[in-house]
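Please walk through the packing of this protein, starting from its interior and ending with the overall make-up of the fold.

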Amino acid sequence: MISAAQQIRLVAPADGVAPVSSVVDDTLFFRKPEAKLRCFVEGGSWRSLPALGGVDYELDPRADYDLILLPSDADPFAIGRLLGQANSPAPVIISRYETLGARADLVLWDWSAQSLSTAILSVMPVVTRVSELPRKPLGPDRNGLSALALAYTRDCSLAPLLRPDDPAVVAYPLLSGVSNARDILEELADAGLLRRRFFERLHICQHCDSSRLHAREVCVKCHSSHLTEQSLIHHYECGYQAVQTSFEADNAYICPKCRRELRHYGVDYDKPGKVMCCNACGDTMTEPEVEFLCLDCHRSTSGDHASFRDWYEYDLLADGIVAVKSGRLPTADSVDDAGRGRTLRDFRLLVTHSVSVAKRTGRPLCAARLTVDTTDLANKIGQRGAVSVCEMLRDVAVQSLREQDIAATLGDTVLVCMPETDEAAGKVAADHIQRAIFAAVRPKLKMTVEIFSVPQIDQFLKTVWQ
Ligand SMILES: [Zn+2]
Ligand SMILES: [Zn+2]
Ligand SMILES: [Zn+2]
């Protein structure tokens, strides 16, 4: 995003930059001529902004807006609160400062009329992409949907960064201001909406859960880190062996046991190795212990007992895109549905089991996927209407299932796994579901029905539903 900002600084002073209105009003952005771009500006800073044609400044954080402008200080937590209130799942942000990291779509230094309109124009493709998504629903799925929507509209992964100013030491800049970003991302990955890529393993303080730990070697007896490495000396004649310092006398080595002088290395004595000596308690040891000192609570955690946390980067999966476009997380679908429509995870487990039974026993098994053409539907009745039609469709589909069928519904898709059913019978059952949907749902839907054989289901489980 910084590169975009730099580009703006170059472009802005040039003559002949189009005012926002003339281009925004153009069909390039599919906006109606009377529709103005609504820019939310926090606090009183809108007074310092230039008036731009085609742009309205919005001051109510709960209003519908297209863009957030942060011409002054941007505290990530205040922004987190603001984004929590927003109806849009992934508002576009233009900020003066770089404090928001990757969450700012564009960092802008020069807030003159010309520079600001160029900046707004450059983020318009993302604004349009975001505006095509359903608004955020109320309830516990808001943050999860926002995370998916950010990855989808910005076409990027949800990547972590090392952050020494945070006790967890890892942060997700795109989820700036969301306090439990990791929990949200892990839930989405468990639900099959995001794919994990390993980032780093960090140890944890057993007292305060911080990962700001300093690793060091300590004395096995008194746990002091004041250790010195010393050579061992072995006196051949009497067989005595001890650290070098105990042999040192004026200008010679004297054996502390037999009091003879050691003159020649390899003849009188040798140095068989090194040991650690504790300067606090005098103990010697071949292997000191590893211990973590917590920089937050100042207490120690033994290396043997320290637990760790693995951190991941997350990529959006096909099911995640379906969830973003439908404005619903699949796990929420089935909770109220007496177990017939299931969470995607349960579904996957049951289908995996059915596949292994079918392979073992040779009994028939097939699966069906019914997919609604949501673009066609949204064109007919609008985005919000399309979401509620998809909800209704899911209910109808689940009611039309047979006793033995296993189903999951997901955005615009109904998945049905049919044990004891060959592909021909599966087609009949899927047609039955489709007819029930056509009978119950208006307008007439465009819908594709696909039937999968056992090897295809197997393949499907491996690829799509990972
Ligand atoms: Zn000796
Ligand atoms: Zn010690
Ligand atoms: Zn601690």
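**The nonpolar interior**

In this predicted model, the largest nonpolar core holds 95 residues, and the members that touch the most others are L67, I94, A147, L148, L185, A367 and V416. Domain 1 (4–131) and domain 3 (335–465) each supply at least three residues to this core. A separate core lies apart from it and has 5 residues, including C205, L213, F292 and C294.

V416, one of the residues in the largest core with the most such neighbours, can be followed further. Once neighbours within four places in sequence are left aside, V416 is in contact with A367, A368, L401, D405, A407 and A430. Among these, A367 also belongs to the group in the largest core that touches the most other members.

Next comes a pair of helices. Helix α5 spans residues 142–153 and helix α7 spans residues 318–326; their axes come within 9 Å and cross at roughly 110 degrees. Because angles of 65 to 115 degrees count as roughly perpendicular, α5 is roughly perpendicular to α7. On the α5 side the contact is made by L145, L148, A149 and Y152, and on the α7 side by G320, I321, A323 and V324. By class, the residues of this contact are 7 nonpolar and 1 polar, with no charged residue. L148 of α5 takes part in this contact and is also listed among the members of the largest core that touch the most others.

As for the whole protein, there are 13 helices and 24 strands. Of its 466 residues, 36% count as buried. Among contacts with a separation of 6 or more, 69% join residues 24 or more positions apart.

Terms used. Residues are numbered from 1 along each chain as its sequence is written. Chains are lettered from A and ligands numbered from 1 in the order in which they are written. This is a predicted model: local features need pLDDT of at least 70, side-chain atom pairs count only at pLDDT 80 or more; totals for chains, interfaces and linings use all residues. A nonpolar core is a set of buried Ala, Val, Leu, Ile, Met, Phe, Trp, Tyr and Cys residues joined through C-beta atoms within 7 Å. A residue is buried if 20 or more other C-beta atoms lie within 10 Å of its own, exposed if 12 or fewer, and partly exposed in between; C-beta atoms are placed from the backbone. Domain bounds come from an automatic or database domain assignment. Two residues are in contact if their C-beta atoms, placed from the backbone, lie within 7 Å. Axes are lines fitted to C-alpha atoms, for helices over the stretch in contact, and angles run from 0 to 180 degrees between N-to-C directions. Helices (H or I, at least four residues) and strands (E, at least two) are DSSP runs, numbered from the N terminus. Angles under 35 degrees count as roughly parallel, over 145 as roughly antiparallel, 65 to 115 as roughly perpendicular and the rest as oblique. Ala, Val, Leu, Ile, Met, Phe, Trp, Tyr, Cys and Pro count as nonpolar, Asp, Glu, Lys and Arg as charged, and the others, Gly among them, as polar.
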